[in-house]
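Good morning, and thank you for joining. I would like to present one model today, beginning with its sheet and ending with a pair of helices. Please look at the structure first.

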Amino acid sequence: MTEAQYYTRGFGLKPQIEGQLSEDYRSRIVDYLKAHDFTLRAGDLTFRLAAEFGFCYGVDRAVEYAYETRTRFPERNLFITGEIIHNPHVNQRLKDMGIRFLNGGAGADEWNRLGDRDVVILPAFGVTVDQMALLREKGCTLVDTTCGSVLNVWKNVERYARDGFTSLIHGKYSHEETRATASRTSLHPHGKYLVVRDLEETAQVARFIRTGGSGVDFLLHFAPACSRGFNPETDLVRVGLANQTTMLSSESLQVAEEIRRAILERYGEAALGEHFRSFDTICSATQDRQDAVVKLLQSGISLLLVIGGYNSSNTNHLAEIADQKVPTYHIEDAGCLLDTSSIRYKPAGGKETRLGWHWLPEGPTVIGITAGASTPNNRIGEVIERILEFRGQDIRHVPPE
Ligand code: SF4
């Protein structure tokens, strides 16, 4: 592949696309909130927006490069390997621009039909080693928007594999980013990985490290989440920790500590360095959004609306942080607010959406709002507008033009 076919820094077309990006994703209300201490008062309602919310630097960059790519190659077939980010509105907007989504993974028909005239965008999560190899083989022009924070995780996982450590990844094994990260271990002949989703699975791994057990039972549970040929007897002797960048940071720290303690018990303090490595790979944007929700919860809000795609990992975690403290509703957009009484939302930790009732209290109410790293500002603004309408507030005067 020639350098000319592989782009990682966009095309320098920001001035040409800025207007369109603003039209598609900007919100006047959110701009107002940012300029007024993240607070908006209207009648007996107060809205408090988290100080860190919405598009992160990685998403900003990926969306921008996708728009630039369309502008740079107006006549070429343009594809993306999957969702660019986990937000249905942004993905739909790209489809409207004629960008086609390659579903089904490398090897599916649509991948095999790709050719050297095609342009393929790689999303912020990155793609697997196999997908990349196929795209190179097809000679496609590639626009790689993989986030720098994800690349940082890859670097560490590759180092583990090189040094004979199994990568223990705290994440969801079906998530695009985790699949891409895990695949980096295959760059080294004996590289191995195991993905743990939560503390329960971590406890299973820690138990095996401490006392061994049935490898068959272990593999029955973890089969889809570990590398081919994984053997818990030999592949949990040297372990390096990593995370999907959007996990709950407190949980990732607990995962690392649980495994560290198990290894310490099994091999002793002196040998710890030979058997255990760890580094924090939660990205700063995820961490900032989680910290901002914790702060918002301390500011006297009556309820919290978390806005973002239902399959967005970091959005789900924002809802989980808040759920025990105040009534929390994870909604995809303003359409989920059916009226002042009913709301469609995804409960924290749940899989399906459900109907909730009496979500908006009568009288003075402080509504906390946050949004995941893949939620554009206009979706946040629309939620606020809808609530104002419910309360008979004229949006043209709130805030003043
Ligand atoms: S959440 Fe973090 S890792 Fe993911 S795209 Fe945003 S900045 Fe990058």
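Let us begin with one pair of residues: leucine 168 has leucine 194 of strand 9 opposite it. This is a predicted model, in which local features need pLDDT of at least 70 and side-chain atom pairs count only at pLDDT 80 or more, while totals for chains, interfaces and linings use all residues. Residues are numbered from 1 along each chain as its sequence is written. Helices (H or I, at least four residues) and strands (E, at least two) are DSSP runs, numbered from the N terminus.

Now the sheet as a whole. It is open and consists of 4 strands in the order 9-8-10-11, with parallel pairing; two strands count as paired if DSSP finds at least two bridges between them. Strand 9 and strand 11 (276–277) are at the edges with a single partner strand each, so one side of each has no neighbour in the sheet.

Helix 7 (residues 148–162) packs on this sheet and touches strand 8, strand 10 and strand 11. Contact here requires C-beta atoms, placed from the backbone, to lie within 7 Å. The direction of helix 7 makes about 165° with that of strand 10; angles run from 0 to 180 degrees between N-to-C directions, and axes are lines fitted to C-alpha atoms, for helices over the stretch in contact. Helix 12 (residues 249–267) also packs on the sheet, touching strand 8, strand 9, strand 10 and strand 11, and its direction makes about 175° with that of strand 10.

I turn to strand 8 (residues 166–170), where 5 of the 5 residues are buried, that is, with 20 or more other C-beta atoms within 10 Å of their own, C-beta atoms being placed from the backbone. In a regular strand, side chains alternate between the two faces of the sheet. Thr166, Leu168 and His170 lie on one side of strand 8, Ser167 and Ile169 on the other, and both faces are covered.

Which residue is the bridge partner of threonine 166 in strand 10? It is valine 239, and strand 8 pairs with strand 10 (residues 239–243) in the parallel sense over 5 bridges. Strand 9 (residues 193–196) runs parallel to strand 8 and is joined to it by 4 bridges; histidine 170 stands opposite valine 196 there.

Finally, the helices. Helix 1 (residues 14–25) packs against helix 3 (residues 57–72) at about 115°, with the axes 10 Å apart. The residues of this contact comprise 3 nonpolar, 3 polar and 3 charged, where Ala, Val, Leu, Ile, Met, Phe, Trp, Tyr, Cys and Pro count as nonpolar, Asp, Glu, Lys and Arg as charged, and the others, Gly among them, as polar.

Terms used. A residue is buried if 20 or more other C-beta atoms lie within 10 Å of its own, exposed if 12 or fewer, and partly exposed in between; C-beta atoms are placed from the backbone. Two residues are in contact if their C-beta atoms, placed from the backbone, lie within 7 Å.
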